[in-house]
Amino acid sequence: MSTLLREAGSGSAAFPLATLIAGRMWVVATPDLAHEVLHSPDARYRAGTANQRILPVLPQGTLLTLDGAAHRARRRVLAPLFHGNSLAGLAPIIRDIAASEIARWPTGRPFAVLPRTRSMTLCIAARLLLGIEGQALVGELECQLSKVLRPYSMLAGLDRMARLGPASPQASAERRRAGFARGVAQVRRARGPRPRAAPPDAVDVLRAGTDSESRPSDSEIADELFALLLAAHETTATALAWAIHLLASNPNTAKALSDPAASGARPLMDAVISEVLRLHPPLVDIVRELAEPARLGRADLEAGTLILIPPSLIHRHALPAPEAFLPERFLGRHPDPRTWLPFGGGERRCLGASLALLELNEILAHIVERFELRPASARRERTRLHGTALIPERGGLVVMEPAERSHT
């Protein structure tokens, strides 16, 4: 981040950056240029190809790695899971999962919230996408997911390592994805019979939403589930950890959130969440690949050039005091989509954005109503890169105590 800030301070709208995995890329540093890239036709700036280059462990043929008409078709198939009745029906489930999980969190001593929020958001994603519940099944799913995400597999984007054959990161990633597919099938079989009125899960939706000729195979469905689970829980878990950590350092805000009078034209909780996502956007970058030669800022770039838009850099254009935690900047108004990009923008805006916001609202409300938060130390945690997420370096250390009002 320090490199990005230094380069952005030069006044350039875009500048080059060299990376190990993806090679040389161009970083977009201004809101106007970011808006131009994100709202350009998919035929000019490809997101799916870029996602696979920056995170090579992602399988081909998933919502995150498809482009053009294929991406739009897959998005239409999956959209009902994340909107409307499906989302409304998930709200009480989120509250129940939050109550059950948070009841096991320690009180009166420092603990890292990030591992706990990861477990909680995975439970929610597993319920939505696979219709499974219960610690044993979710724990097995988490184990299968973590195997695919082992660091060596992340090197699959280095073509020169493919010469290692069966010992290469490419082969390792393929084996682990195959193992994940078997594990998902086992977990889904073990969930037992579902009520007749139960909503369809992601497997049902994928099979029902395509014709017989283009219906995905079991391995292709497992690849999509892997991509969805990765996108649906890791970023939300990170945002939750940052929110809890920031509220612990701002007790007046946390207290105000528990007051019914905190609602206004735009409720305080919405403003807090918007500010958390502005100050600490979970994703380190939004990426696009040029499908054709183009001019970016003052640079003429070739087709195939990777474009990187860091939300944390664009969010610094929110004034005043971009480095301060000031939820009041969003009271009574929605964030400016040019300077607030935690979910990306344009037609590739995160499909699960509404789900993530619902989770943050429900879980944070449960916490501030029942617990008092305080920081584990006087120093706010720095960010650390974990995969593609910007996480609290110590996992978001806080201390929780039962609130007196929770006993009345």
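## Helix H6

Helix H6 is mostly covered, with 14 of its 17 residues buried. The model is a predicted one. Buried here refers to a relative accessible area under 20%.

H6 covers residues 114-130, and its length can be checked against the rise of 1.5 Å a residue. The 17 residues should span 24 Å, and the C-alpha atoms at the two ends lie 23 Å apart, so the expected and modelled spans agree. Gly131 comes just after H6 and has a positive phi of about 65°.

## Hairpin S10-S11

Strand S10 takes in residues 383-386 and strand S11 takes in residues 389-392. The two run antiparallel and are joined by 4 bridges. One pairing is that of Leu385 with Leu390, its bridge partner in S11.

Together S10 and S11 make a hairpin, with 2 residues between the strands. Gly387 lies in the turn, where its phi is positive at about 65°.

## The chain as a whole

The protein chain has 408 residues, and 50% of them count as buried. Its secondary structure amounts to 14 helices and 12 strands.

Among contacts in the protein chain with a separation of 6 or more, 71% are between residues 24 or more positions apart. The area exposed by the protein chain is about 18,500 Å². Carbon and sulfur atoms supply 53% of that area.

How values were computed:
Residues numbered from 1 in each chain as written. Predicted model: local features only at pLDDT ≥ 70, side-chain atom pairs only at ≥ 80, totals over all residues. Heavy atoms only, no water. Pairing = 2+ DSSP bridges. Buried < 20%, exposed > 50% of the residue type's maximum accessible area, 1.4 Å probe, protein only. Contact = heavy atoms within 4.5 Å. Areas by Shrake-Rupley, 256 points an atom, 1.4 Å probe, with all protein chains shown as cover. Expected span 1.5 Å × (residues − 1).
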